[in-house]
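Work through the following exercises with the sequence and the model side by side, and try each task before reading its solution.

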Amino acid sequence: MQEERKKKMEEAQKQGIRITVKILQDEEVPEQKIRQRICERYQISEEQAQEFFD
């Protein structure tokens, strides 16, 4: 049960990151700046952040 809850929370976080990336792209924020901020805020690697740009 907790594993399912954890998975749902992770998916919700990923969806939130995708939405944030899209908003910043629409505002013409440079991709490198978005990637840097995403890595800092969510404590993820550059490789992990890449999935939000494909």
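**Exercise 1.** Determine how the lining of the largest pocket divides by residue class, and state which helix gives the largest share of that lining.

*Solution.* Begin with the residues themselves, bearing in mind that this is a predicted model: the pocket is lined by Glu10, Gln13, Lys14, Ile17, Tyr42, Ile44, Gln48, Glu51 and Phe52. Sorting this list by class gives 4 nonpolar, 2 polar and 3 charged residues. Next, assign the lining to elements, which shows that helix 1 provides the largest share, with 4 residues. Finally, the volume of this pocket comes to about 160 Å³.

**Exercise 2.** Describe the overall architecture of the protein and the extent of its surface.

*Solution.* Counting elements first, one finds 3 helices and 0 strands, in the order α-α-α from the N terminus on. The C-alpha atoms, taken along the principal axes, fill a box of roughly 40 × 20 × 20 Å. Turning to the surface, the accessible area is about 4700 Å², and 47% of this belongs to carbon and sulfur atoms. Of the 54 residues in the protein, 17% are buried.

**Exercise 3.** Identify the residues of the largest nonpolar core, find which helix gives the most to this core, and then follow the contacts of Phe53.

*Solution.* The largest nonpolar core consists of 8 residues, namely Ile17, Val21, Ile34, Ile38, Cys39, Ala49, Phe52 and Phe53. Two elements, helix 1 (2-26) and helix 2 (31-42), each give two or more residues to this core, and helix 2 gives the most, with 3 residues. As background, nonpolar side chains in soluble globular proteins tend to be buried together. For the last step, take Phe53 and set aside residues up to four places away in sequence: Phe53 then touches Val21, Gln25, Glu31, Ile34 and Arg35.

**Exercise 4.** Place Glu46 in its element, explain why Glu46 is classed as partly exposed rather than buried or exposed, and list its contacts.

*Solution.* Glu46 lies in helix 3, which spans residues 46-50. The relative accessible area of Glu46 is 36%; because buried means under 20% and exposed means over 50%, Glu46 falls in between and is partly exposed. Leaving out residues up to four places away in sequence, Glu46 touches Gln32, Arg35 and Cys39. As a closing check on distance, the C-alpha atoms of Glu46 and Gly16, which are 30 residues apart along the chain, are separated by 17 Å.

Definitions and conventions. Residues numbered from 1 in each chain as written. Predicted model: local features only at pLDDT ≥ 70, side-chain atom pairs only at ≥ 80, totals over all residues. Heavy atoms only, no water. Core = buried A, V, L, I, M, F, W, Y, C linked by side-chain atoms within 4.5 Å. Buried < 20%, exposed > 50% of the residue type's maximum accessible area, 1.4 Å probe, protein only. Contact = heavy atoms within 4.5 Å. 1 Å grid on protein atoms, 1.4 Å probe; cavity = no way out; pocket = protein on both sides within 12 Å on 5 of 7 lines; lining within 4 Å. Points joined across faces, edges and corners; volume = space filled by probe spheres on them. Nonpolar A, V, L, I, M, F, W, Y, C, P; charged D, E, K, R; others polar. Areas by Shrake-Rupley, 256 points an atom, 1.4 Å probe, with all protein chains shown as cover.
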